[in-house]
Amino acid sequence: MRKLAAVCAMVSATIYLLLSGENVATERAFVMASVMLMAILIDRRAISLRAVAVAALIVLILRPETLLSPGFQMSFAATTALVAVFGALRKLGPMPGPKRLKPVAGLLMSSAIAGFATAPIGAAHFNTLSHYGLLANMLSVPVMGMVVVPSAVVAALLSPFGLEMVPLAVMGLGLEWILAVSQWVSGFDGAQGYVVSPPTPVLPLIAFGGLWLALWQGRARWVGVAPMAVALMLWGQGNRPEILVADSGGLVGVMTEQGRALSKKKGSGFVATVWLENDGDGADQLQAASRWPHDSGTIQRYDWQGKEVLHVTGKRAARGFSACNADQIVISAVALQLSGGCEVFDPKRLLATGSLSLSGGKITTSKEAMGDRLWSPNTSGNQDTKPF
């Protein structure tokens with residue numbers, strides 16, 4: 001019966017994959033489910049770390065680029081942690097306590113384990129932490145499993161007969177409950193925290209330490225805590241660039257004691273949002289623009305490493321700006337013809353260099369940071385990285 005159920009489940013999963021349009025997330029879930037169902041058919045344990053490893057290998061063969069995506073990392077981090085922890089608990093014997101409370105305890109544990117495993121990945125990619133995610137999961141996951149998903153299945157079965165409205169209405173009530181829970185929880189004080197983007201080695205170190213804890217046997221498994229601790233130390237010491245320049249020249253952001261200050265209240269909104277998120281800053285563009293040290297109108301000025309950074313904002317300001325000094329760095333979204341020997345980054349030059357990062361007396365271009373690759377050759381050379 002277990003094998004017959006596995007075949008039926010695999011057929012259902014395949015139909016759902018086709019109905020969903022075979023997007024990346026559904027394909028990943030389908031592969032994971034299929035590997036576990038195939039394990040049942042060949043008399044192997046369905047839920048094991050080997051099954052998770054096989055599923056990850058298949059996904060990476062089909063779509064190797066997903067390795068760096070937050071969806072892949074969070075899915076397999078949560079799955080690996082759940083399988084490892086519940087596998088260890090299985091060896092300890094039955095869970096103590098009343099039988100009626102065991103489902104609640106299981107839901108609480110699974111939500112906590114998955115949340116703990118995915119929190120650093122979510123924080124690294126999205127720069128936020130949900131402080132009440134466990135509460136939201138406790139109130140939403142049972143409704144999703146017992147109301148929304150069954151109603152969707154019943155609606156699909158009744159749709160050929162035109163009777164899908166009733167289960168869809170029930171499904172809608174479940175979804176409204178989940179949305180209400182999300183709005184309620186997100187309204188708590190301090191519901192969301194902001195985290196600065198970590199240095200590059202942080203996530204690999206956390207993944208290595210977590211896998212060591214999950215795979216190694218005996219007391220030596222606790223060695224995995226060391227790389228995770230090192231990763232957290234590196235994360236806490238991560239520094240953001242002192243000055244950032246958009247590749248269009250339309251926005252400049254400087255780091256102040258209050259956080260990132262932006263040179264404009266409007267325009268380049270997407271770039272501004274990304275900068276502030278990566279800084280772990282919850283401010284919006286208008287708030288960040290109010291932090292600029294000396295608001296001087298159409299030409300914003302900022303002192304940096306003995307130089308003066310000028311951001312020329314607009315055509316009118318560009319027309320009235322014709323000369324500069326050698327100790328100035330001029331950023332503009334409009335083409336400039338200047339005398340005076342200053343460093344100029346206007347649209348023509350920024351097209352070759354890309355966005356800029358100014359830190360430690362050095363200007364680094366995005367082209368240089370990206371490196372010379374077949375699909376993105378570095379055409380700017382080293383001329384745009386100069387120590388000051």
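Two strands pair if DSSP finds at least two bridges between them, and with that in mind we can begin a tour of this model, which is predicted.

Select first strand E3 (243–245) and strand E4 (252–256), which run antiparallel and are joined by 3 bridges. If you highlight Val245, you will find that this residue stands opposite Val252 in E4. Now follow the chain from one strand to the other: E3 and E4 form a hairpin with 6 residues between them, and in the turn you can pick out Gly249, which has a positive phi of about 80°.

Keep E4 selected and add strand E5 (259–262). These two strands, E4 and E5, pair in the antiparallel sense over 4 bridges, and the hairpin that joins them passes through 2 residues. Here Gly253 is worth selecting, as this residue stands opposite Leu262 in E5. Is E4 mostly covered or mostly uncovered? Of its 5 residues, 4 are buried, so E4 counts as mostly covered.

Next, move on to helix H10, which spans residues 269–278, and colour its buried residues, which are Ala272, Trp275 and Leu276. They lie on the same side of H10, because the arc they cover around the axis is only 95°. An α-helix has 3.6 residues a turn, so residues three or four places apart point the same way.

What covers the buried residues of H10? The cover includes the strands already visited, E3, E4 and E5, together with helix H11 (285–289), which you can now add to the selection.

Finish just after H10, at Gly280, where the phi is positive, at about 70°.

How values were computed:
Residues numbered from 1 in each chain as written. Predicted model: local features only at pLDDT ≥ 70, side-chain atom pairs only at ≥ 80, totals over all residues. Heavy atoms only, no water. Buried < 20%, exposed > 50% of the residue type's maximum accessible area, 1.4 Å probe, protein only. Arc of directions from axis to C-beta. Contact = heavy atoms within 4.5 Å.
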